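User: Could you walk me through this protein? I'm new to reading structures, so keep it relaxed.

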Amino acid sequence: MIARLLHKPLTWIAAAVVAAGAAAGLAWFQPWKLVTDTEVDETLSAVAATTVPAAPGPAGTPTTGPGSAGSPAAAPTPAGPTLVSRGDFVTHEHDTSGSARIVRTADGRHCLELVGLDTSNGPDLRVWLTDQPVREGVAGWRVFDDGRRVELGRLKGNRGDQAYDIPAGTDLTALTSVSIWCKRFSVSFGAAPLRAAA
């Protein structure tokens, strides 16, 4: 019976179709990524403490610094990178931990840094800044492509420290979260709210 089937052209055509379908499915879902890790160990910014603005004096006039001869005190310009905002990751479709922070460099540029990221690997993972709130549970899995977003590139690795340049002119006041977004299946692996540094 089997020998007879192997001599029929339709058997070989059916086998070829099945093999092609299996290959396409493997290429699309890339299931091996769920059991493999890509670790990144980039050097992150040594973030300086944030500057607290001078408190107003009597009748709303600014206080003056020591030895300033009555001139208003100006906040010192940070000599190094400063923290703009930060938040901790919450789990969405895959267990995700670590934190995200936006850092302003000494020359005025901004970058997003992922600190101690630990999530699953997967196909077509991207790093997005978005204007969507971070919700825990299934309700938060698919919201990040609903509003404004800026893609910072492909996720460099599902584990470790990594940095991404933020394009000049990006309105960071409107983008209040970061998502590890699986573009192929339109789902968030994990996300972090970005709250302004105190």
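**Core, sheet and a histidine**

Analyst: Sure, and keep in mind that this is a predicted model. The largest nonpolar core has 21 residues. Those with the most contacts inside that core are Leu112, Leu114, Leu129 and Val178.

User: Which elements give two or more residues to this core?

Analyst: Here we're looking for strands that contribute at least a pair of residues. The ones that do are strand 4 (97–104), strand 5 (110–118), strand 6, strand 9 (177–182) and strand 10 (187–193).

User: And which residues are among those in the other core?

Analyst: That core lies apart from the 21-residue one. It has 5 residues, among them Trp128, Val143, Phe144 and Trp181.

User: Which strands are the edge strands of the open sheet?

Analyst: The sheet has 5 strands, paired antiparallel in the order 3-10-9-6-7. An edge strand here pairs on one side only. That leaves strand 3 (90–91) and strand 7 (149–154).

User: Which residue in strand 7 stands opposite threonine 130?

Analyst: Strand 6 covers residues 125–130, and it pairs with strand 7 in the antiparallel sense over 5 bridges. Opposite threonine 130, in strand 7, stands arginine 149.

User: Is histidine 92 buried or exposed?

Analyst: Histidine 92 sits in the loop between strand 3 and strand 4. Leaving aside neighbours within four places in sequence, its contacts include Trp141, Phe144 and Phe189. The cut-off for buried is under 20% relative accessible area. Histidine 92 has 4% relative accessibility, so it counts as buried.

Conventions:
Residues numbered from 1 in each chain as written. Predicted model: local features only at pLDDT ≥ 70, side-chain atom pairs only at ≥ 80, totals over all residues. Heavy atoms only, no water. Pairing = 2+ DSSP bridges. Helix = DSSP H or I, 4+ residues; strand = E, 2+ residues; numbered from the N terminus. Core = buried A, V, L, I, M, F, W, Y, C linked by side-chain atoms within 4.5 Å. Buried < 20%, exposed > 50% of the residue type's maximum accessible area, 1.4 Å probe, protein only. Contact = heavy atoms within 4.5 Å.
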